[in-house]
Structures are given as structure tokens and as C-alpha cells.
Amino acid sequence: MITAEGLTKRFGDKTAVDDVSFTVKPGTVTGFLGPNGAGKSTTMRLIVGLDRPTSGRAAVAGREYRKLRAPLTEVGVLLDAKAVHTGRSARNHLRAMAATHGIPASRVDEVIDLAGIGSVARKRAGKFSLGMGQRLGIASALLGDPHTLILDEPVNGLDPEGVRWVRQFVRHAASEGRTVLLSSHLMSEMAQTADHVIVMGRGRVLADAPLADLVRSWTRNTVRVRTPRPADLAAAVGGPDVEIVSSAPDLLDVVGLPAARIGDLAAERGIPLHELTPTTGSLEDAYLALTGDSVEYRTKELS
Amino acid sequence: MTTAQAPAPTRTSVDTGRRLTFFRALRSEWIKLATLRSTWWSIGIAAALTIGIAVLIAQAIEAPGFDPIQAVVMPIQFTMLLAGIIGAISVTGEYSTGMIRSTLTANPVRGSVLAAKSVVLALFLFLSSVVIFTVAAVAVSLVVASRDQSIDWSDPSASLLPILVSSLSMAVFALIGVSFGFILRSGAGAIAATVGVLFVLPIVASFFSMAGEAWAWVVDASAYLPVAAAQSAIMPSETAALDAPVAFLTLGCWVVGGALVAWGVLRSRDA
């Protein structure tokens, strides 16, 4: 269980995290979403005590991180893969971390196997690829077999096998009753992994809801219709609550009517249909709709 | 919410004894120090310099009344910088690589991290220096034996004590480096500050000995710089700038003062 209450962090006159409150519950995977600069990483740093909040408080298992007696068995943290001395081998890095809690060397070897870095464990971490560095970071997070996992962009730089492993691993961890807070920019991956999502933008919480609810409230169901007589069909289905967009000469995207009703209306008038595909919104659509105004570093539309 | 929710399965906490203790923090810091090649390179260079220079001095100085133990401890003038730099980079290496974030999440009690690192660095420098100075003493004995001179091991003040106090001084210099490391965080900055205090300030102060009476206080004050205080402590004599107890107290003040400032910075600044 992670709780943030009125968490605020200012760097000079810039407010990185602005009065953020949320609870991350055990037994679920909570996705932490937001544009670059939204304050996700700072929030995670505040939770584990690397940064001190300007005001408010964060707690893990009801206690401030700095007051935990066994931080590594309580919380596994992956903040960024570059939290390793480049001159030390992966195994020695893990040994040094494990030593702080009296975690035995057998556990070090276990997490090396789990994270799939056995072949490079004795190499200096500075020589690691992005993906291997990421795996080492995950191995460090798992050392204490923690109740809570806080993973900032864990799949960044991982190969597809690694991405799937992280997904299965955090799902399994949640099924065992652990708390998982996970950030990612890969919406399709997040949609498969998270049960619950917290969306941040400009330092504030924009949404905190079960994933399905979020998608439902922030997207619209569209029916894609292909017909040789688009004008006739548009006239047939048109109405005050119906929005029709034509994206190709024979293609209409209809919002506001179910597919069955469109099919019936077309049949009544003898309009042939070549395609009738209902599409539901994705997490990505919901996310973009939600964060549209709060994107700090917006990409210029290509014209 | 109207629907009853099944309680999430909770894991029962079993006390496996896996928790943070200061002794374990010490072990972790030792593993970190011992698993970096730079540590062993630096200490190897310190050993080579100490033994080499000690032998050279023993061969060169044949003046009557020259105590051979002086040849053993004199190379500290050079190796003190290595001690300071080992201390500084043991901290700044963590900041430059991001390791500090792993260190501080594994042990969020910042005072404990500072204390553990300081104790490990001090012990490592002290013990390795004892070994190095002892080897140098044996080498010097071999050199001066040809002139019928020897290190008088029955007189601790002419053998064992200078070696122990020199080793202690090396630990003090390393701790000054550790403090600057935590205060400045940047490798270049911390090394510059450490070299400045250990090496540059004494030279600057020595210029003032040519200035008039009005500047005598600078020369007096320079006796309290770490290396000058160490010299007074290593070879106590009537002519030493500081009495031995004052010299030890001065070294202690450098360590405690540095650690306090480092602690203040470490606990108040974001990592």
C-alpha cells in the first residue's frame, strides 16, 4: 500500500508535483501515466525519500520510507537503470545492496537468474546495454522480495521477451497480494498490464480510476462503415446526436449509433454495406484525450 | 461503493531477519569499496610511492642524528593526496554514476550512510597504511643496515608510534576527502577542494613567512592545517609547531567538522 497525501514538490518557482493525493492498493497493478515532465518520476522519488516534499507526505505500508526498518523487503524500486556504479560488476552491485539487509548471496544469484542477466553478471555494469541495465535494475528491485514494487519505465529498452516477462511478473506479483506502481509510456503495454490507472499532468492527478472506467469515460465508440453510397448512408443515419466523419471516399466513421442500428437503417433503404466494424476506444485514446491540455513538451503537428 | 469487495490477499510477514542494521551498512560499504578496481589501483600506487620514496630517502640522507623512521613516514607528503582522493571519489563516484540513488534507497538513513562510508574508508586507509609503512620500515632497515644504523623497535616513539600515527593521518585525509565528496558531489570539485586543503593551502601559507609581522598569524594558523597537524603528531618534538595533544585534537576537529557539514548537506539536499 502506497499513500500520497497532498504531496507537493517545488524546485525554485517550478512546481513539479502539486498537491497530489492517491492510494495504490495491494493486489492490483496500478499504472502511472502522464506526459514527460508531468511529475511521475518526482512523485516516485518523493515516495522513496530521495527527494523531500515541500509539503504533504508519502507513506509505504503506513510509514514514511525513511522510517522503514527493512526498506528493501518492503519496497523494490527501479527509478532509472542508471543507479549503478559503472565500474562494478552486476553481481557485486547486487551483493553490496543485499549486504545492507543481510540478504544472502543465494538470493543475489536467484534474482540474477530471474532477471536473465546470468551471462553478464560478472561484467562491469558500465558495459551493459540499455536492456541489460534495465534488467539489472529490475534484479535490484527484486532483491528483498518486496511487498511493494515501484517501477519507473521498467520495459524501457527491453526486448519483446523482456517486455512480456515484466508484464507477467508484475501481474503475478499483484496476484500474490503485492502492491505494484508502474509507469510507462507504452499505452498498449499498460492496457495489458494495469488494473487501475493514475494519470498525471503538469504535476497534478488528472484521473485515478480503474482502467476500464477510464477508457469508457474518455473515449467514444466509433463504427466504421464502408459503402459505395456514402452520401445516402450519411443521410440515413444522420441525426442530432450522430457525428459522421468521412476519412476516405467510401468510408464513414459514425459516432453515436450502435453498429446494429446502422446496419438496420442501411438495410431499410437498400444501401449495400461492405464493412461494418464497431471500434472501442483504447487506453491511448483515453490518455490523449485526458492529457491533451497538459502536455508540457508538445510535438508539433506535422502538416 | 455499494458492491462488497473481496479483500485482497495479503502476504503474511515473516521476520526473516532481513533488515537494515549499521553493521550491515558497514559490510555493504566495504563490498562497494573492495569491488572497485580504482581502490586497489590507488592503494597500490600509494604502496609503491611510500616504499620507493622511503628507500630513496634512506639512501640519500646520511646525516648524523637522522632517524631512519623519518625516511619511512616522510612519503606521506605525497601519498596524503592519494588518501584524500580515494575518500573523495568513493562518494563522488556514486553521484556521477547514479549509484547514490541505489545506496540511499537501500539505506534511507542518511547519517548511517555517511557514518558507514566514513568508518570503512578510515579503517581501510588506516590498516592498509600500517601494512605499507611496515613494509617500508623493513625496506629502510635493509638500506640503513649497511651503515650500521637501524630502526629501534624497542623504542615505540622511534618506530611503532610514527607508523601508527602516520596511518591514522592517512585515515584523516581520506575522511576529509569523503566530507568534500558529500558536500560538493562532483568528482572534480571534491578532488580540487581536498588537494587544496591538504596541499595548496600549506604552500600558500608558507609564502606569508616571508611577509612582515602583520602576517605572522597566517603562518601560526597554518599549523592547524591537516597535514601540518599530522606532522606535529607523527614526529612530536620541542620544535614541532603544535604540541602532540593539540595536534591530535586538531586532526579530530577536521574529521568531526567535515563530517558534520557533510551530514548537514546530505540530509537536507535531494539526492
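Two strands count as paired if DSSP finds at least two bridges between them, and helices (H or I, at least four residues) and strands (E, at least two) are DSSP runs numbered from the N terminus. This is a predicted model, in which local features need pLDDT of at least 70 and side-chain atom pairs count only at pLDDT 80 or more, while totals for chains, interfaces and linings use all residues. Residues are numbered from 1 along each chain as its sequence is written, and chains are lettered from A and ligands numbered from 1 in the order in which they are written.

Start with the open sheet of chain A, where six strands lie in the order β5-β6-β7-β3-β8-β9 with mixed pairing. Select β5 (75-78) and β9 (204-210) of chain A to see the edge strands, each of which pairs on one side only. Across this sheet, neighbouring strands are turned by 15 degrees against each other on average, direction ignored.

Next, select β6 (residues 148-152) of chain A, which runs parallel to β5(A) and is joined to β5(A) by four bridges; here V75(A) stands opposite T148(A).

Now add helix α1 (residues 40-47) of chain A, which packs on the sheet and touches β3 (29-33), β6, β7 (179-183) and β8 (196-201) of chain A. Contact here is a matter of C-beta atoms, placed from the backbone, lying within 7 Å. The direction of α1(A) makes about 145 degrees with that of β6(A), where axes are lines fitted to C-alpha atoms, for helices over the stretch in contact, and angles run from 0 to 180 degrees between N-to-C directions. Helix α11 (residues 283-291) of chain A also packs on the sheet, touching β3, β8 and β9 of chain A, and its direction makes about 30 degrees with that of β8(A).

Turn then to residues 2-11 and 14-24 of chain A, the strands β1 and β2, which pair in the antiparallel sense over seven bridges. One of the residues to pick out is T3(A), whose bridge partner in β2(A) is T23(A). The two strands form a hairpin with two residues between them, and G12(A) in the turn has a positive phi of about 65 degrees.

Finally, show chain B as well: the contact takes 39 residues from chain A and 33 residues from chain B. On the side of chain A that touches chain B, α2 (71-74) and α3 (90-99) of chain A each supply at least two residues, and α3(A) gives the most, with five residues.

Conventions
Contact = placed C-beta atoms within 7 Å.
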